[in-house]
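I opened the file to go through it one item at a time. These are my notes in the order I made them.

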Amino acid sequence: MTHRFAVFAFVVLLVGSLPAGVAGVALDAGGTPSHVVESAAASSDDSEDVLHRTTTLRHLPDQPGTFETEKRFQVPDPVVDLEIGLDSRAEIESVDGFEAVGDATLRWTGETDEPVVRFTMPANRTGDVGHHATDDGRMHDRTGTADGYSFVDTGEWGIVQVPGIDITLRQTESVGHDETVTVDGPGATGGDIAFFGEVVEHRTVFRGETIRLIVPEAADLEEEPADVLETLAYASQRLDVGAAGEETFVVAVPTDADWGPEGLQYGEGDAWVVADASLEDSGNVWIHEYVHVRQGYDDVDSDVPTGTEWLVEAQAEYYAGLLSFERGLIEFDEFSRHLEAGERSPYADGVLVDPNSWDDDRTDYVKGRLVYGEIDRTLRLETDGDRTLVDVFRLMNAHEGSLTETEFLALLEDVGGSETRSVAERYTRTPETPTMWTQRDHGDAFDRQGATFEYGFGDESIDVAGDSWAADYADGETIAVPVDERVTVPVTAENVGDRDGTADATLEVDGEVVDYSHARLAPGERTTERLGWTPTEPGTYDLRVGTERLTVLVRPPSSVAVSDLSVDPETVEPGETVTMTATVESADARPAAASLEVRTYDGVVDRHLVGVDPGESETLETELSFDDEGRYEIAIGDVSTMATVSEASTALEVDSIPGFGVSAALVALVIAAVVGVTDRYRRRSG
């Protein structure tokens, strides 16, 4: 299982040795001023721009409660310094290519490009390991106890958290990050949760999402595996909200352990559910945990209250009941009882936006689901079935940073109008509690059929930094683009139903909604919008619009090699124009892409967006002129040449400057990146 992690970076300037004539204005032997440009280019012959790590987990049956982890790194050339921080509970067994520099902190020695660390970790965890912990660390679970296990190893089998690490590095240019996680021996992993022991795996694929159900030999699954997978696929279909990765990994854990919750979602797309959980339950744990998988908005700092903490569990509880009812797993009276519990003490008097007012820690689960349902019902009535809270859920996932209560209310008003916002304020900001609606009222609101839309990539070109980049592309194709440049794609929405409605076009990158637009369309009407995304680190990304997908390979500047740099004509006087010509090609066996700056002593004077396939080349041209006599350095990428301007119209001198590249540059850009893995995943219990 492979994951890519976000990188948070800052830039440090390093001043190296000063080769003669590289900086400032100097005089050459003939007394002509030399105008030289500083370079910050990285090596163009580097073919790797991702820091890979392979994590291998091993069960230790003779040491119940403990398991072993090996992390092996492949360090690319742009990385010049690397430190890793292990969990404080880790017991280091061996290292190769690392040295200890502090408690649980190791530094790469540089002696090998594949350093390795091997350590053991305690497997057993109790209490809340997710985002919703109270100050005393208790587990917020649906029906379990705060003292039960959230992860455990019995010796015969075990289910554990995949250990994360903190990574600090310095690099000459941005690199991507990915991790492959495997179990050495019987078991399975989704990358964030791992199970040790013999298992049978069942899977289904829906709209590009693979759902993996892991049934251990030691577990007695209450339901048929096919029924569980069909239910999760139904939830995937109904919750078209983004935040769906390529895989969802669910383990049906054995019941012969003292579990705290009945299920727990951890990491990006991993979860476990007790094997005897029933699908015919108004609080369907299978759906509950799947809803957590689809919540991409809860980047919540627990030390800074946002007023939206209640939404995480309320949402999971509400859709567990609603989707179970809609799928025919439960009757309306069961769904009704599920929600109307929020009308009673000790939950009813709590103010949802203020957890300190709750008389019971599960107020968000119980009153929260009733209030969330009332907001959904109101929104459907206000929009005549055109919009639902799923549409708001999608916008929540597209929101950057912590979602505050003010922002949530603004989204509600944008989608459902002022009345929907008013209902939300009434039942979340005060102790007032709604009354559960009747089955007839339910039909009036929930049976209204909205418009039907189809979405896909448009026929127009994909643009990079405003320039046409890929004119001909198809669903499933791969294109290369430069890092740190905005990519915009045409997205079409067509009303294929028989009534007016609002189309919600979204662009998803690796399951995350990065941009969206709304358009009111009549039956048969079609529109095209341009939606955009700016990749901030190299790597391979999956772009999705509706059911169509496009793979984007993001490359750093060093992916492009510059050669045959020249200027023409050979004779020039002040004010006359010269043409700089350069040939570029891929520096490795993959498609290359870069934004290359043309630099003179005056700074950046031109920019070329370049995309080339292996074995191909492209010629770049820039016209330049200089008003004063002198020798002028012209650089592109990490290659430079000199132009001489003279009143006497002497022959133009063109000489490469040895050492103009990375090794002798005055300034090298070094990016210090910190990747927090251990406790920075989205984690949910429930």
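**Overall make-up**

I began with burial across the protein: of its 686 residues, 55% count as buried. The model is a predicted one, and I read everything below with that in mind. I then looked up the secondary structure, which comes to eight helices and 42 strands. For contacts between residues at least 6 apart in sequence, I noted that 70% join residues at least 24 apart.

**Helix α5**

I turned to α5, which runs over residues 363-382 and has 20 residues. From first C-alpha to last, α5 reaches 27 Å, close to the 28 Å expected at 1.5 Å a residue. I still found a kink of about 30 degrees in α5, centred on Arg-369. Is α5 mostly covered or mostly open? I noted it as mostly covered, with 18 of its 20 residues buried. After α5 comes Asp-384, and I wrote down its positive phi, near 55 degrees.

**Asp-360, ahead of α5**

I looked up Asp-360 next and found it in the loop between α4 (332-340) and α5. Why does Asp-360 count as partly exposed? Its relative accessible area is 23%, and the partly exposed class lies between under 20% for buried and over 50% for exposed. Leaving aside neighbours within four places in sequence, I listed Pro-346 and Tyr-347 as the contacts of Asp-360. I also checked Gly-350, which is ten residues from Asp-360 in sequence and 8.3 Å away in space, C-alpha to C-alpha.

**Tyr-149**

I found Tyr-149 in strand β13, residues 149-153. Tyr-149 counts as partly exposed because its relative accessibility is 27%, which is neither under 20% nor over 50%. Which residues does Tyr-149 touch, not counting those up to four places away in sequence? I wrote down Asn-124, Arg-125, Thr-126, Asp-258, Trp-259, Gly-260, Pro-261 and Trp-272. I also noted the pair Tyr-149 and Ala-257, which are 108 residues apart in sequence and 7.6 Å apart in space, C-alpha to C-alpha.

**Second largest pocket**

I went on to the second largest pocket, which holds about 1100 Å³ of space. It is lined by 39 residues, and the closest to its centre are Gln-237, Arg-238, Asp-240, Arg-394 and Ala-451. I sorted the lining by class and got eleven nonpolar, 13 polar and 15 charged residues.

Which elements each supply at least two residues of this lining? I listed the helices α1 (225-238), α3 (309-326), α6 (389-398) and α8 (439-446). I added the strands β24 (453-457), β29 (501-509) and β32 (539-545). α8 gives the most to the lining, with five residues.

**Cavities**

How many cavities of 30 Å³ or more are there? I recorded five. The largest cavity has a volume of about 110 Å³. Its lining divides into three nonpolar, three polar and six charged residues.

I copied out the lining of the largest cavity by residue: Phe-206, Arg-207, Glu-209, Ser-236, Leu-239, Asp-240, Gly-242, Ala-244, Arg-294, Glu-508, Arg-544 and Gly-546. I marked Asp-240 in my list, as it lines the largest cavity and is also among the residues closest to the centre of the second largest pocket.

How values were computed. Residues numbered from 1 in each chain as written. Predicted model: local features only at pLDDT ≥ 70, side-chain atom pairs only at ≥ 80, totals over all residues. Heavy atoms only, no water. Helix = DSSP H or I, 4+ residues; strand = E, 2+ residues; numbered from the N terminus. Expected span 1.5 Å × (residues − 1). Bend = angle between axes of the 7 residues up to and from the residue. Buried < 20%, exposed > 50% of the residue type's maximum accessible area, 1.4 Å probe, protein only. 1 Å grid on protein atoms, 1.4 Å probe; cavity = no way out; pocket = protein on both sides within 12 Å on 5 of 7 lines; lining within 4 Å. Points joined across faces, edges and corners; volume = space filled by probe spheres on them. Nonpolar A, V, L, I, M, F, W, Y, C, P; charged D, E, K, R; others polar. Contact = heavy atoms within 4.5 Å.
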